[in-house]
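Visitor: I am new to this structure and should like to have its descriptions explained. Could you show it to me?

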Amino acid sequence: MLTLNNVSKRYRGGHEALKAVNLQIDPGEMVFLTGHSGAGKSTLLKLIAHIEQVSGGQIMVDGRNVSRMSARDIPRHRRRIGIIFQDNRLLPDRTVFDNVALPLVIDGCHRHRELQRMVRAALDRVGLLNRERSYPMSLSGGEQQRVGIARAVVNKPPLLLADEPTGNLDPDLSRDIFNLFVDFQQVGVTVLVASHDLELLTSFNRRRLKLEHGNLIADFVPDVEEARE
Amino acid sequence: MLKKRANRPPKRRQNRRKKLGGASLRSERLRPPLGRSFLAFWVAHILAFFHGLGRLAREPLGSLLTITIIGIAMALPVGLHLVLKNLQGLAEGWDDATQLSLFLNPSMTLQDVPNLKSRIEAQIGRVRIEAKGPEQALTEFKQAVGVAEAVKVLGENPLPVVLVLFPDPDMDPAALDAMTASLQAFPEVELAQLDLRWIQRLHAITDLGERATLLLASLFSIAVLLTIGNSARIEVARRREEIAVEKLVGATTAFIRRPFLYTGFWLGIAGAAMAILLISLATLLLDGPVRELLRLYDNDSLISGIDLPLGGIVLLAGVLLGVLGALIAVNRLLHRIEPDW
């Protein structure tokens, strides 16, 4: 699903955010990306979605070479990836329904019925079907984040990226959000979550990647005993 | 045939399974099939068409101001064009009447005219000549100017016999001048006067005005482009976050740009409509005074306002300027907004 070969990223000014990262994630895997802030977690996600371009190496997503993608294909590449942000990035002047519908509209979904069905299905998944007419500002932080997730999954992307999705939420709400990710994994979606909330990650027994100063220093599946501790 | 049919159902099932579970397994075509994208293209345009209008409706006062500015900017050159057109119409009405008046010596009477006529024709060729006796001239004079009382005081009719020649209207000015000079040489002619010069001057003035209108139209077109471009720029700045999010979830530049172009379209067409409205209003207000003026000049031609072809051109210009102005302004800006988080 996702392959990184010797991927490095150097910003203008010389800061090296990623150094020769090699990585392979299989379809349907759920992987946590950890590390202190500034370790390169966000950079890695941005490279995958072609928000930023690699300085060296190669990224393959779903068989597509991201590093050698033409400008025309970038938007369509992003449509095949659901992205969840720490600050949810909802548009405040649009209803929950319209926010979630945005990727479908962009993808040229022109049958209103189909659009309605898919938006409602996504909202149903995150348990917010009854709030489709609300505006984001009238929702709680956890609800807003769930709307953001609904928007990320509405057009059924095979790959889901989340960058500190629970950074602004209390532990209970964070657990709910992570449970949603598990749900998506169970229907075959590949999920890559960047988070530094180790306590929360521990209760989910999933493969973990650790970045430090742009180096991938650990790639392991914690054993069940550790998870229970 | 039968075998093939029998084979179909399992195949279909296979496909379905592929769709459900295998989406992530294989690399899929990124671009949608042509038929679907064609329909989506038109749907997207129709949506953006109304979306663009909706954006204007959300800021009614600001939109109205912009539309009024565009309207005034477009009304000025179009108005000047109409003024010139009316002046030209006026001049054309008089063109047929290009005439040469021969005021004869006071000693000449109508009895002398046929003789003189034949000598004139011998000199310059056949030409329509009308003779006006002093009585006829006096009567016209009284009617036209309404100075009957003053004329009465004169007692004796001071007006001479006048011959009016109607030369070929296509004759060039130099030939007309030469003809006038040769007629002036007749001893019976007190004064030969060509009633043309002021029409030539008027033509020269309207030609100049036509140039000035073109220049003015170009300048004001730039003003309209800048006005629409500026409001598009403000709109982009206001929607920065929306644009960034749209890019993040995979919108093409064309998709993001479209509503801005249609907003430009609406501004342009509404501005053009405003210009037509302003000109129609001005025409209405000026109609009375101009009619009076024309009456005084013995001209019954009607003042011509904005007509259908001109209105169409104005609307088309508005649309073109609107879309172009938005395109120029937005294109560069959209590329500068980097999606990021």
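**Terms and values in the model**

Guide: In chain A, 42% of the 229 residues count as buried. This is a predicted model, in which local features need pLDDT of at least 70, side-chain atom pairs count only at pLDDT 80 or more, and totals for chains, interfaces and linings use all residues. Residues are numbered from 1 along each chain as its sequence is written, while chains are lettered from A and ligands numbered from 1 in the order in which they are written.

Visitor: What makes a residue count as buried?

Guide: A residue is buried if 20 or more other C-beta atoms, placed from the backbone, lie within 10 Å of its own; with 12 or fewer it is exposed, and in between it is partly exposed. In helix H11 of chain B, the residues that meet the buried criterion include B:Val314, B:Leu321 and B:Val330.

Visitor: How do you know that the radius of gyration of chain A agrees with that of a compact globule?

Guide: The radius is taken over C-alpha atoms, and the globule rule is 2.2 Å times the number of residues to the power 0.38. For 229 residues the rule gives a value near 17 Å, and chain A has 17 Å, so the two agree.

Visitor: What secondary structure does chain A have?

Guide: Chain A has 8 helices and 10 strands. These are DSSP runs numbered from the N terminus: helices are H or I with at least four residues, and strands are E with at least two.

Visitor: Why is one side of strand E6 and of strand E10 of chain A left without a neighbour in the sheet?

Guide: Two strands pair if DSSP finds at least two bridges between them. The open sheet of 6 strands in chain A follows the order E6-E7-E8-E3-E9-E10, with mixed pairing. E6 (81-84) and E10 (215-220) of chain A stand at its edges with a single partner strand each, so one side of each has no neighbour in the sheet.

Visitor: How do you know that strands E3 and E9 of chain A pair?

Guide: E3 (residues 30-34) and E9 (residues 207-212) of chain A share 4 bridges in the parallel sense, set against the required at least two. In one of these strands, E9(A), A:Lys210 is the bridge partner of A:Thr34.

Visitor: How many residues of chain A are in contact with chain B?

Guide: Contact requires C-beta atoms, placed from the backbone, within 7 Å. By this definition, 26 residues of chain A are in contact with 25 residues of chain B. H2(A) gives the most to that side of chain A, with 6 residues.

Conventions. Two residues are in contact if their C-beta atoms, placed from the backbone, lie within 7 Å.
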